[in-house]
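Let's walk through how one helix and the nonpolar cores fit together in this model. A few questions and answers follow.

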Amino acid sequence: KQWYQRRVRGEEGKMLLIWSKIFDILLDLHHTGIRSSAIASMLKQLPTTMLKLAEDRESGGLFNNWFGKKSKYGLEFRLSTRLLATFLLYQVNKDGSLRVSAGTRHNLTSDAGKSMDSLRSLVHNRAYLAHIDTLQKCI
């Protein structure tokens, strides 16, 4: 079975469930007529946390890539988290408005661009070789 089809347990499963509930709440707020700029401001905070959890190494700092402790989260969870965070960053425009329909033009924030660049760099990372097809479809 694929990673997302298996039953996810522990912290990873709890985080996915919490994020799902957050998205449901934000969608409900949108449908009840709450201003999209208010929803966008709430939505902007989530990817920052998600991207921290998606790091390959736990400790931060300048030498994180070489000396940091390996992340306790699985590779598939980290990849899914990066993809989801990048998607969310693409839904908030530079002016703080929310992109609510697919036909709406992007006015990307610098964070969205950095997140996409980070995803593109994973194509050259040996650890993610098994997931190259997924990455290329998402990029």
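Q: What covers the buried residues of α5?
A: This is a predicted model, where local features need pLDDT of at least 70, side-chain atom pairs count only at pLDDT 80 or more, and totals for chains, interfaces and linings use all residues. Residues are numbered from 1 along each chain as its sequence is written, and side-chain values use heavy atoms, with hydrogens and water left out. Helices are DSSP runs of H or I, at least four residues, numbered from the N terminus. The cover over the buried residues of α5 includes α2 (36-53), α4 (75-90) and α6 (132-138).

Q: Within what arc do the buried residues of α5 fall, seen down its axis?
A: Buried means under 20% relative accessible area and exposed over 50%, with a 1.4 Å probe and protein chains only. In α5, the buried residues are A112, S115, M116, L119 and L122. They line one face of the helix, because the directions from the helix axis to their C-beta atoms fall within an arc of 105 degrees.

Q: Which exposed residues does α5 carry on the face turned away from its buried side?
A: Helix α5 spans residues 110-122. Opposite its buried side, the exposed residues are S110 and K114.

Q: Which element gives the largest share of the largest nonpolar core?
A: A nonpolar core is a set of buried Ala, Val, Leu, Ile, Met, Phe, Trp, Tyr and Cys residues joined through side-chain atoms within 4.5 Å. Of the 14 residues in the largest one, W19, L43, M50 and L98 touch the most other members. Two or more residues each come from α1 (10-31), α2 and α4. The largest share, 5 residues, comes from α2.

Technical notes. Expected span 1.5 Å × (residues − 1). Contact = heavy atoms within 4.5 Å.
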